[in-house]
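Trainee: I have this one open on my screen and would like to go through it with you. Where should we begin?

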Amino acid sequence: MINDYIQVFTTVEKRRDADRMASVVVNQRVAACAQVVGPMRSTYWWKGKVEEAEEWLLMMKTRRGLFSSLEKEIKALHPYEVPEIIALPIVAGSASYLEWIKEETIKTSDK
């Protein structure tokens, strides 16, 4: 079912943190894939003032039922005090790609 799939985003300051996180979440099978994009420029409020920083975006594809497990892994690895961890539904996708996500993450939920 299409509603079973999500894309989860987080950002980090250093590429090595993004790469490490990508490797862990895929090897733990809480994400079928993780893509690192960047660097990019972020502007945001933090502790009462506007900050700017260079960051790397990590995009992870998984199943909705694995969100809490993926969130736990991200929090364990993330260097930020309050990391961005958001999930967006995948509203459409090729059947073969969605099946691939399911197959590559199914081992986690079967343990």
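**Walking through the model**

Mentor: Let us begin with Pro 39, which lies in strand β2; helices (H or I, at least four residues) and strands (E, at least two) are DSSP runs, numbered from the N terminus. Before going further, note that residues are numbered from 1 along each chain as its sequence is written, and that side-chain values use heavy atoms, with hydrogens and water left out. This is a predicted model, in which local features need pLDDT of at least 70 and side-chain atom pairs count only at pLDDT 80 or more, while totals for chains, interfaces and linings use all residues.

Trainee: OK, and the peptide bond from Gly 38 to Pro 39, is that cis or trans?

Mentor: That bond is cis, with an omega near 0°.

Trainee: What does strand β2 pair with, and how many bridges are there?

Mentor: Strand β2, residues 33–46, runs antiparallel to strand β3, residues 49–63, and 12 bridges join the two; strands are said to pair if DSSP finds at least two bridges between them. To take one example, Gln 35 has Met 59 in β3 as its bridge partner.

Trainee: And what phi does Lys 47 take in the hairpin of β2 and β3?

Mentor: The hairpin has 2 residues between its strands, and Lys 47 takes a positive phi near 50° there, although Lys 47 is not a glycine. Lys 47 sits in the loop between β2 and β3 and counts as exposed, at 63% relative accessibility. For these words, buried means under 20% relative accessible area, exposed over 50%, and partly exposed in between, with a 1.4 Å probe and protein chains only.

Trainee: Stepping back, what pattern does the chain follow along the sequence?

Mentor: Read along the sequence, the pattern is β-α-β-β-α-β-α, with 3 helices and 4 strands in the chain.

Trainee: What radius of gyration does the chain have, set against a compact globule?

Mentor: The chain has 15 Å, which agrees with the value near 13 Å that a compact globule of 111 residues would have; the radius is taken over C-alpha atoms, and the globule rule is 2.2 Å times the number of residues to the power 0.38. Along its principal axes, the C-alpha trace spans about 45 × 25 × 20 Å.

Trainee: How much of the chain do buried residues make up, and what about contacts?

Mentor: Buried residues make up 35% of the 111 residues. Among contacts (heavy atoms within 4.5 Å) between residues at least 6 apart in sequence, 73% join residues at least 24 apart.

Trainee: Changing topic, how many salt bridges does the structure hold?

Mentor: The structure holds 7, where a salt bridge is a side-chain nitrogen of Lys or Arg within 4 Å of a carboxyl oxygen of Asp or Glu. One of them joins Asp 19 to Arg 15, with the closest N and O atoms 3.2 Å apart.

Trainee: How far apart are Asp 19 and Arg 15 in helix α1?

Mentor: They are 4 residues apart in helix α1, residues 15–27, so about one helical turn separates them. Asp 19 is partly exposed at 34% relative accessible area, and Arg 15 is also partly exposed, at 41%.

Trainee: Which residue does Arg 29 form a salt bridge with?

Mentor: Its partner is Glu 104, and the closest N and O atoms are 2.8 Å apart. Because Arg 29 lies in the loop between α1 and β2 while Glu 104 belongs to helix α3 (residues 95–109), the pair ties together parts that are 75 residues apart in sequence. Arg 29 is partly exposed at 27%, Glu 104 is partly exposed at 25%, and the phi of Arg 29 is near 65°, a positive value in a residue other than glycine.

Trainee: And Arg 41 with Glu 52, are both buried or exposed?

Mentor: Both are exposed. Their side chains meet in a salt bridge at 3.5 Å, N to O, and this pair links distant parts of the chain, with Arg 41 in strand β2 and Glu 52 in strand β3, 11 residues apart.

Trainee: Last one: which residues form the nonpolar patch on the surface?

Mentor: Tyr 44, Trp 46 and Val 82 form that patch, with about 270 Å² of accessible area together. Patches are made of residues with over 30% relative accessible area and no salt bridge, like charges being joined within 9 Å and nonpolar side chains (Val, Leu, Ile, Met, Phe, Trp, Tyr) within 5 Å. The areas come from the Shrake-Rupley method with a 1.4 Å probe, and for residues only the protein chains shown count as cover. Tyr 44 is found in strand β2 and is partly exposed, at 32%.
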